[in-house]
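Reader: I would love a close look at one part of this protein, namely the open sheet and the helices that go with it. Could you walk me through that region?

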Amino acid sequence: MQTRVAKLRSLKERGVDPYPPRFYPSHSILQVTDRFSALVAEEKSGETVTIVGRLVALRRMGRAAFLDLRDGTGKIQVHASLNALGEERYAALCDSDIGDFLGITGEVFRTRRGELTISAAEWTLLSKSLRPLPEKWHGLKDVELRYRHRALDLIANADVREAFARRSRMIAAFRRYLDGHGFLEVETPMMQPIAGGATARPFVTHHNALDIDLYLRVAPELYLKRLVIGGLERVYELAKNFRNEGVSTTHNPEFTTLEVYQAYSDYEGMMELAESLVAEGVRAATGSTRVSYQGQEIDFSAPWVRISLIGAVEEASGIAINGSTTEEILAQARDKGIDLSGLSRGKMIEQLFDRFVEPTLIQPTIVKDYPIEISPLAKMKAGEDGIVERFELFIGGMELANAFSELNDPLDQRERFEAQERLRSAGDEEAQRVDEDFLFALEHGMPPTGGIGFGIDRLAMLVTDARSIRDVILFPALRSRRP
């Protein structure tokens, strides 16, 4: 680095601006490679182009040198010679460092060995790199370094750049699909007076001017439902959410969701929407609805398997749920060495599902009909006591989406909020609060509505074959470095 700083000073002393304010290329590298792909060995194009890029390789051979430049679209070889540039300009170019950004102007030709190349007639230093790229930067593997310094990870690893491009293509496809089906993209507050819409522990902050505590949202759900109440019958939001919880390969405190609400629909309608929407996003990201994830092929094409939560738990665990009291479920679990003491009936079922069923759900599977105790915002299922119209989508052994026939009875909703408050008073920090503003809106009437929330980061894991959620979040949460 000291050597590079010395070069920088020398450039400035000679009147060279190592960080010029602008430079205008005529083509991207991809445009060059596409335009001149038909050139054969030793053929000259007769056309001059101007490209820009980061210097990633430099091979000097006396009176000539070969450089590799890379921009956001690809990589190309540059041939520089003393005869074409003159002694001073040629020496200065060869004194460039790996990582510098250069502008190159010259004729495109193909070498005897068949490499598409630009013959440098002029060059410009666009940005001097003061830090050398990591040793063996072309295969950077250190996980801590990759996550903490994502710029280096993107420089070093083409597969990482492609992973985030896939994520972007998937999200763009989601937007196109929803926009094309009459949904309106909206924005709701990230800082909220009550952390509602999900069972989760929030982050808290303080608003100095208003002198009130606010919470970073755990979900946008209650605000989006207010929009449906107000007459926006099809809405969606790509939302950053924040939950003050643990970090794992599938959890990050800051994460992205896509929440969709549709009036005059229900959880069956959300199942159909999920099948179409997810398949469209996967196809846009990968070119197919079949992807390989951690050694297993996953087929996203419809129809997806649909199973009941309680039926799946009974079959996988061997524990009878239907017709059993809470005490009987507890005893059956105890006989199998599983401690479910202190949990509600719904929480018991949820824990058994997490243990016995979830890891086995590799192909897209809709798990439906949940206990009311763990679903305070969903409508009751007719004819089934204690069961609500809710489903979750599981793929690759992970939960990918959560959906309801939305509860639109304000009196029932108030009772459920109050039940959640009692859980909070008993020590459950994740239980939801009574949201009077939401109830006020709901008391004016909400049409029958289906709602669904997708975990964008986990979907990105599937389309990029990532083992950890940190691989699909550009800047994941990390512990502070110790001095």
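Author: Happy to; here is a tour of the open sheet, its helices and a hairpin. This is a predicted model, where local features need pLDDT of at least 70, side-chain atom pairs count only at pLDDT 80 or more, and totals for chains, interfaces and linings use all residues. Residues are numbered from 1 along each chain as its sequence is written, and side-chain values use heavy atoms, with hydrogens and water left out.

Let's begin with the sheet. Its 8 strands follow the order E6-E10-E11-E18-E17-E16-E15-E14, and their pairing is mixed. Helices (H or I, at least four residues) and strands (E, at least two) are DSSP runs, numbered from the N terminus, and two strands pair if DSSP finds at least two bridges between them. At the edges you will find strand E6 (184–185) and strand E14 (305–308), each pairing on one side only. Within the sheet, strand E10 (residues 234–242) and strand E11 (residues 254–263) are antiparallel and share 9 bridges. One spot to look at is Ala239, whose bridge partner in E11 is Thr257.

Now for the helices. Helix H9 (residues 267–286) lies across E11, E14, strand E15 (365–371), strand E16 (387–395), strand E17 (398–405) and strand E18 (449–455). H9 runs at about 40° to E18; axes here are lines fitted to C-alpha atoms, for helices over the stretch in contact (heavy atoms within 4.5 Å), and angles run from 0 to 180 degrees between N-to-C directions. Helix H10 (residues 309–317) lies across E14, E15 and E16, at about 80° to E14.

Between H9 and H10 in the numbering, have a look at a hairpin. Strand E12 (residues 290–293) pairs with strand E13 (residues 296–299) in the antiparallel sense over 4 bridges, and Arg290 has Asp299 as its bridge partner in E13. There are 2 residues between these strands, and Gln294 in the turn has a positive phi of about 50°.

Further along comes helix H11 (residues 326–335), with Ile329, Leu330 and Ala333 as its buried residues. These cover an arc of only 100° around the axis, so they sit on the same side of H11; the arc is that of the directions from the helix axis to the C-beta atoms. The face turned away carries the exposed residues Glu327, Arg334 and Asp335. Buried means under 20% relative accessible area, exposed over 50%, partly exposed in between (1.4 Å probe, protein chains only). Helix H12 (345–356) is included in what covers the buried residues of H11. After H11 comes Gly337, with a positive phi near 80°.
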